[in-house]
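Me: Please take a close look at one part of this structure, the interface between the two chains. I would like a connected account.

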There are 2 protein chains.
Amino acid sequence: MKKTAVVIDTGSTKASICRAVSHHAHRSQFVAAHQIAGTENSGPEAAFSGLFSDKTNIICEKEKSSEWALNQANLLFNAIGVKTIYMDAEEHDRHVAYVSHLSHVSSFLLGQTVLDIERDEKNIFALASTGFASTVRLAKSSPDTWAPIFEQNSEYLSQALLEYIMHLQKFHYHLVKHDSKELHRILSRANEIRRILEGLELKNSKKETQEGAVTPKL
Amino acid sequence: MKKTAVVIDTGSTKASICRAVSHHAHRSQFVAAHQIAGTENSGPEAAFSGLFSDKTNIICEKEKSSEWALNQANLLFNAIGVKTIYMDAEEHDRHVAYVSHLSHVSSFLLGQTVLDIERDEKNIFALASTGFASTVRLAKSSPDTWAPIFEQNSEYLSQALLEYIMHLQKFHYHLVKHDSKELHRILSRANEIRRILEGLELKNSKKETQEGAVTPKL
């Protein structure tokens with residue numbers, strides 16, 4: 001490997017790859033990164049202009065990469081329009097388990113549950129609202145992409161899943177008890193996500209109006 | 001009540017209202033219906049032109065409504081552009097539990113789980129993808145609307161929830177066992193929802209191109 005070469009990893013989990021290269025002779029030529037961007041579609045045909053613009057890019061273990069390697073990587077990252085933040089690799093995996101991987105699991109298994117019970121697909125077609133489509137959209141994602149991500153992040157994803165299952169079971173308990181007041185209280189607390197989603201929408205709409213300006217400058 | 005008067009219920013559960021009116025002297029003047037349309041927003045400001053066009057309308061216990069009442073109701077339903085199908089009230093509640101109410105619960109509690117664990121909202125802002133926003137969108141729905149719906153449909157919703165929790169637990173079991181093959185198999189089966197979602201998208205895009213034609217004809 002030439003001394004000027006830089007290897008950038010862009011996978012969705014960071015702790016395992018960082019552990020794997022930690023004692024490598026050329027560790028400083030390696031940059032561990034992750035761009036939070038993409039859709040439920042995969043492969044080259046799923047690419048579109050502006051995919052990365054204003055999306056978050058996370059660089060992990062910054063201190064183990066040389067200044068040269070980081071600068072080279074940032075030239076590329078700036079060109080595609082991502083905004084870089086820095087994070088510990090374990091922290092990264094813990095946060096994405098909750099904010100990204102858990103949504104994927106919840107969506108995949110919601111799709112599975114509905115397919116399992118509604119054997120007559122006519123009923124899904126007739127009764128599914130746009131809300132259903134939105135909630136199970138991520139179940140269209142590629143198993144080849146996601147099975148290894150889930151497995152590599154199994155520790156944090158397992159914690160996130162147990163937390164989610166616990167909330168579902170608590171809701172179920174109050175549901176069968178017909179405890180209207182508690183059901184209302186649970187939904188009202190969950191409702192606070194509205195504030196965050198509206199912030200995200202604002203961020204995304206800002207992105208869309210700027211789209212024209214973010215053509216790669218490499 | 002005048003003999004020509006017609007009462008139309010348009011709520012999201014049908015078995016309890018049908019039971020409540022079943023021995024009413026004027027049962028034949030009542031039509032039990034449900035239009036599968038709406039967004040996560042509620043109140044008059046959430047209305048928009050074309051909200052009902054090409055959406056499914058379900059009439060339950062058709063045989064208990066008079067021909068006059070059904071004709072009057074259908075004049076209205078045709079004018080707003082919904083497509084009417086007929087169903088038993090219990091069947092209705094069972095299907096919507098799986099295809100609509102379960103997605104709402106899964107979304108509300110996913111929002112709750114993330115809020116619970118990510119106390120620093122900056123992380124949600126930085127790391128949430130459009131996938132996360134899509135999956136928790138329904139958590140923005142009104143607790144005043146949904147708590148009573150869940151309670152009225154508690155029997156079928158409870159079954160749906162238990163099934164969903166069972167799938168999540170099975171996934172969790174294979175995750176902690178690092179059973180790559182089984183994880184891949186589960187995701188691949190769930191992936192079959194793609195076919196259904198693509199059918200739904202086709203239906204909705206057809207709707208959008210026809211939008212101009214569906215102004216009320218009342």
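Reply: What follows describes the interface, beginning with its extent and ending with its symmetry.

This is a predicted model, in which local features need pLDDT of at least 70 and side-chain atom pairs count only at pLDDT 80 or more, while totals for chains, interfaces and linings use all residues. Residues are numbered from 1 along each chain as its sequence is written, chains are lettered from A and ligands numbered from 1 in the order in which they are written, and side-chain values use heavy atoms, with hydrogens and water left out.

Taking contact as heavy atoms within 4.5 Å, the interface draws 91 residues from chain B and 92 residues from chain A. Together the chains bury about 9200 Å², of which 67% lies on carbon and sulfur atoms; buried area here is the accessible area (1.4 Å probe) that two parts lose on being put together, summed over both. Val99(B), Leu127(B) and Lys140(B) supply 8% of the area that chain B buries against chain A, more than any other three residues.

As for polar interactions, there are 31 residue pairs in polar contact between chain B and chain A, both residues being at pLDDT 80 or more. A polar contact is a pair of N or O atoms within 3.5 Å, where, within protein, one must be able to donate a hydrogen and the other to accept it, and residues adjacent in sequence count only if both atoms are side-chain atoms. Helix H3 (residues 89-117) of chain B contributes 18 residues, the largest share of the side of chain B that touches chain A; helices (H or I) are DSSP runs of at least four residues, numbered from the N terminus. By class, that side of chain B has 47 nonpolar, 28 polar and 16 charged residues, with Ala, Val, Leu, Ile, Met, Phe, Trp, Tyr, Cys and Pro counted as nonpolar, Asp, Glu, Lys and Arg as charged, and the others, Gly among them, as polar.

The interface of chain B and chain A also holds 2 salt bridges, each a side-chain nitrogen of Lys or Arg within 4 Å of a carboxyl oxygen of Asp or Glu. One of them joins Arg189(B) to Asp116(A), with the closest N and O atoms 3.2 Å apart.

Turning to symmetry, a turn of 180° and a shift of 0.0 Å along the axis lay chain B on chain A with an RMSD of 0.0 Å, superposed by least squares on the C-alpha atoms of residues with pLDDT of at least 70 in both. The two copies are therefore related as by a two-fold rotation axis. Of the residues of chain B, Thr135(B) comes closest to the rotation axis, its C-alpha lying at 2.2 Å. Because 100% of the interface residues of chain B are also interface residues in chain A, the copies meet through the same surface.

Conventions. Helices (H or I, at least four residues) and strands (E, at least two) are DSSP runs, numbered from the N terminus.
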